[in-house]
Amino acid sequence: MTDLTQFKRETTEWLEANCPASMRKTQTRSEGVFGGKKFTFPSDDAKLWFDLMVDKGWTAPQWAKEYGGAGLSSDEAKILNKEMDRLGCRKPLIGHGLWMLGPALLEYGTEQQKLEHLPKIARGEIRWCQGYSEPGSGSDLASLRCKAEDKGDHYLLNGQKSWTSDGDKADWIFCLVRTNDEGRKQEGITFLLFDMETPGITVRPVPLITGESHFCDTFLDNVEVPKDQVVGDVGKGWSVAKALLVHERTMMADIEKNMPKPKFSVDDYAKNYLSTDENGRLQDGLIRDRLAQHMIRDEAIKLTQRRAFEEGMAGDFDMRVATIFKYIGTEEKTNKDTLITDILGMAGAGWDTDNFSEDEQTKTHEWMSNKALTIAGGSSEVQLNVISKRALGLPEI
Amino acid sequence: MPLALNEEQRMLRDTARDFLQNDAPVNLMRQLRDDGNEQGYSDELWHKMIEMGWPAVAIPEQFGGLGFGFIGAGAILQEAGKTLANSPFFNTVALGAAAIIHGGNEAQQQTLLPKIAAGELTLALAHEESNHHQSRGIQCQANVDGEQLMINGSKQFVAEGANADLLIVSLRTAEPSDKKDGITLALIDPSTAGIKINRVNMIDSRNYAHIDFTNVIVSAGNVIGELDNSQTLLDKTLDHGRICLAAEMLGGAQAMLDKTVEYLKDREQFGRKIGAFQALQHRAAYMFAELEIAKSAVIHALSAIDENQDLALVASSAKTLANDCYRLITDEAVQMHGGIGLTDEMDIGFYLKRCRVSMQSLGDSGFHKNRFAKLNQF
C-alpha cells in the first residue's frame, strides 16, 4: 500500500511538473494525437507532451517495457489514469493501434508479432486502421468476401473494404479476410496485418454529408501478404475481431470522456433562440413539450446506467437490461441533435463559416455526423434484434 | 441517492411478490368485479397485508412504523400492480401518511401514524375538482371562524372516497397574497353532517366518489399543516402519491409485457410463432427498453422521498415515464394478442382499464411535462 501511495505522489508531482498547461484542457477530434509517419502535431505542446509520455512508457502504461510500455500494475495504471483525469491531462496518444489492435495482439499475437508491432504503436511511429466492413457486408459483417488465396508462403488478397477510418492517414491495417468459403460464415475468416504501402492497395477517401471524409474505400488488387502476419489461427479471425470490439467500446467511452463539455444545454438553446412570453415560457408549445420529454428521458437513461451499476454491486442486476444501452442511448442522442437544430431553425442549417456562429456550425455538424451513432457499431435495428432474442427470448426470424 | 434496493428491501419485495401472486392473483380482482363489490378490495386481503405489517413499512419507527421508507412502499406497490391487487394501502400510505408525516403537528402524528401503521385507520385525499388533475386553483371553500371551519363545495374522483375512515380535504380558506397561498388541508370524518358521498363507477372497478360539502363544520384542530398556507404541503403530498402510483403502474406494465412476450412465443400463424416476425420483435424490444428506463426514474424518485430531497422534478419525470410506458405496453398487449385481447376472458382488459385511470390520476403526461418545463423555467 505504501508503494502505491508513493507511486501516486510521484506521479502527481511528475504530471504537474511536466504536462504543459495547454495540454490540460479538453480536446476536439482535430486536436487528437494519432501518430504515424504522415502525422503532423497540432501544436508544439502536443509534441512535447507526447515525447515526454513516450519516454515514460505512459502512452501504454500497462504494456511490458519490451513492448514500449511502462510495465505498470493495474493498480498503478488506475492511479495514473485517475490522476490524469483529475488534472485534466490530455491523452498523449490515441487511436486504433493503442486501444484496439494492441490489446488484441497481447491476447492473440505471437511473441514475434508483439515485439515487432507493440513498441511502434506505443511510440506513435505506426498508425493503424481497421479493415472490417465491405460494400456487401455491413450489419452482417460475417458475410464478408474479401478473398485471401493461399499461395504457399503468402496470401494473395483481392476485394474491397469500406469505412476504413482514416485509411489515407494510416500506415498499417488490421483486416478481416476470407480464407475459406465452406462451413459457417464465421469460420473461414482470418485476421491479417499488412503495410498500407504494399503494392496493389488503392485508398480513396469518401466525402460524407458533413463535408468531411474520415472514412475511405480501400481496394485490394493482388496484394501479397506474408503468412506470418496472420494473428491467431487461420480461420479463427472472427474471435479476434470480437475481442477487439470490446476494446472499441472502451475506446469510444474514453474519447467521449475527453471531449469538451457542451457550452449550452438544450434548454439554453430554446431560451436563447425562441420567443418566450412574459413569464419566460416558450411560446412554441410543441418544442416545449419535446424539450421536456427529451430532458426527462435523457436523465432516465443516465439513471438506468447508474442503476445497472448499483444493482450489479448489490447482486440484484437483471443482465437482460444491458442489451438496451446502445439502442436507447444513441436514439436519444440523435433525438437531441434533431431537437437542437429544430430550435436553431435556419441557423441550424447553415453551411458557410461567415454567417453562422462557431457554435451553430458545430450543432449543425453534430446533427449530421451523429446520424452515424444509430448505424455504426450495430445499428438500432440490430440492437432491437439483440434485445428481442437475448432479453425477451423471442424465436429466430 | 441509491438506485438499488438494499438487502432488507429486496426481502420485502420478494415476500410481497410471493404473497400477492398466491393470495391476490388477477382472479381476485375479477371476482370483486363480477360480484359488483363496491368497496373494490377484499377485506380478507387487507387484513393479511396488515398482519404482514405493510401499512407500517413507510411510517417512521418512532411512530410504530418499520422504517423501510418509501422505497419499501414502492416495492410493494410495484408487486401489487402486477396482479392489480387493490387495497387501502396506496391512498392511506402514499397520500394520507405522507401529509401527516410532513404536515401533521406532534399530537396528530402521535395519534394518527401509529394507527395507520397498525392498519386501524384508512385515509383518502379529497382534492380534485374537475376531469383533469390540477394542483392549483382550488375552489372548495372553508370559512374560518375562530375555532372552526365551515366547508362548502365539492370534490371529484376521490379514490377510496366512499371507503376511507377519514378524508384529507384540500380547501381554499383565503385569497392568495404575497405571504400566504390561501390553501388549507383538513382531516374530516366522512360521517360529519352536511357531507354527501356519491359513488362513481370507473372502468378499473375500484372505489371512487364525488363528495359534496354543505355547511360542514370541522374543528380547527383538524387542520394539518399551516392554516391558509399549505400549497407546498399539498404539492409534496401529491408528489408522494405520483411517485408511488408510478411504482404501481410499472408493475402492471411489467405484467403486461411478460404476458405479451409469452403469447408471442406461443401463438402460431402463417406456420410459425408470431414472435419470429420482426415487426413484432422490434416493438416488443422497444417496450422492454421503455419500461427499464421508466423503472430507473421511479426508483430514483422513491429514493428522493427517503433522502428528503426536493420531489417536484423527479415526481413529474417518474409519472410521465410511467404513464407513457404503461399506455404503450397495454395498447400493444391488446394489439399483439389480436381479437382475444379484447375479450373479457383475458385479463388484458383489466390492465388496460387500470392504466387509463391511473394515467389520469395525479396528472397525465401533459400535466407533468408542463410542470417540468415550468420548474426548469422554459
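**Entry 1. S205(B)**

I looked up the burial of S205(B) in this predicted model. With 22 C-beta neighbours inside 10 Å, S205(B) counts as buried, because the cut-off for burial is 20 or more. I located S205(B) in the loop between β6 (195-201) and β7 (207-219) of chain B. I then read its backbone: phi of S205(B) is near 60 degrees, a positive value in a residue other than glycine.

**Entry 2. N215(B)**

I turned to N215(B), whose phi is near 50 degrees, again a positive value in a residue other than glycine. N215(B) has its place in strand β7 of chain B. Is N215(B) buried or exposed? I found 10 other C-beta atoms within 10 Å, so N215(B) is exposed.

**Entry 3. G366(B)**

I placed G366(B) in helix α11 of chain B. G366(B) counts as partly exposed, with 13 C-beta neighbours inside 10 Å. I also checked a pair remote in sequence: G366(B) and T320(B) are 46 residues apart along the chain, and their C-alpha atoms are separated by 8.0 Å.

**Entry 4. Domains of chain B**

I noted the division of chain B into domain 1 (7-121), domain 2 (125-229) and domain 3 (232-375). For domain 1 and domain 2 of chain B, I found the C-alpha centres 23 Å apart. The contact between these two domains takes 16 residues from domain 1 of chain B and 15 residues from domain 2 of chain B.

I asked which elements give two or more residues to the side of domain 1 of chain B that touches domain 2 of chain B. They are α2 (26-34) and α5 (89-103) of chain B. The largest share of that side, six residues, comes from α5(B). By class, I recorded six nonpolar, eight polar and two charged residues on this side of domain 1 of chain B.

**Entry 5. Chain B against chain A**

I next examined where the two chains meet. In this contact, 35 residues of chain B face 38 residues of chain A. On the side of chain B that touches chain A, the elements giving two or more residues are α7 (231-266), α8 (278-306), α9 (312-337) and α11 (365-375) of chain B. Which of them gives the largest share? I found that α8(B) does, with 15 residues. The classes on this side of chain B are 20 nonpolar, 10 polar and five charged residues.

**Entry 6. Nonpolar cores**

I looked up the largest nonpolar core, which has 157 residues. Within this core, F288(B) and V298(B) touch the most other members. I listed the contacts of F288(B), leaving aside its neighbours within four places in sequence: I324(A), I387(A), A391(A), L392(A) and L257(B). I also found a second, separate core of 58 residues, which includes M23(A), L72(A), F191(A) and F194(A). As background, I noted that nonpolar side chains tend to be buried together in soluble globular proteins.

**Entry 7. Helix α10 of chain A**

I tested the length of helix α10 (residues 358-369) of chain A. At 1.5 Å a residue, its 12 residues should span 16 Å, and the end C-alpha atoms are 16 Å apart, which agrees. I then asked which residues of α10(A) are buried. They are E360(A), K363(A), T364(A) and W367(A). These residues cover an arc of only 95 degrees around the axis, so they are on the same side of α10(A). For the spacing, I recalled that an α-helix has 3.6 residues a turn, so residues three or four places apart point the same way. Among what covers the buried residues of α10(A) is α9 (325-344) of chain A.

**Entry 8. Domains of chain A**

For chain A, I recorded that the assignment gives domain 1 (2-94), domain 2 (128-242) and domain 3 (262-391). Taken over C-alpha atoms, the centres of domain 1 and domain 2 of chain A are separated by 31 Å.

**Entry 9. P20(A)**

I found P20(A) in the loop between α1 (2-18) and α2 (44-56) of chain A. P20(A) has 15 other C-beta atoms within 10 Å and is therefore partly exposed. Leaving aside neighbours within four places in sequence, I listed D45(A), L48(A) and W49(A) as its contacts. For one of these, L48(A), I also noted the separation: P20(A) and L48(A) are 28 residues apart in sequence and 8.2 Å apart in space, C-alpha to C-alpha.

Methods: Residues are numbered from 1 along each chain as its sequence is written. Chains are lettered from A and ligands numbered from 1 in the order in which they are written. This is a predicted model: local features need pLDDT of at least 70, side-chain atom pairs count only at pLDDT 80 or more; totals for chains, interfaces and linings use all residues. Two residues are in contact if their C-beta atoms, placed from the backbone, lie within 7 Å. Helices (H or I, at least four residues) and strands (E, at least two) are DSSP runs, numbered from the N terminus. Ala, Val, Leu, Ile, Met, Phe, Trp, Tyr, Cys and Pro count as nonpolar, Asp, Glu, Lys and Arg as charged, and the others, Gly among them, as polar. A nonpolar core is a set of buried Ala, Val, Leu, Ile, Met, Phe, Trp, Tyr and Cys residues joined through C-beta atoms within 7 Å. A residue is buried if 20 or more other C-beta atoms lie within 10 Å of its own, exposed if 12 or fewer, and partly exposed in between; C-beta atoms are placed from the backbone. The expected span of a helix is 1.5 Å times one less than its number of residues. The arc is that of the directions from the helix axis to the C-beta atoms. Domain bounds come from an automatic or database domain assignment.
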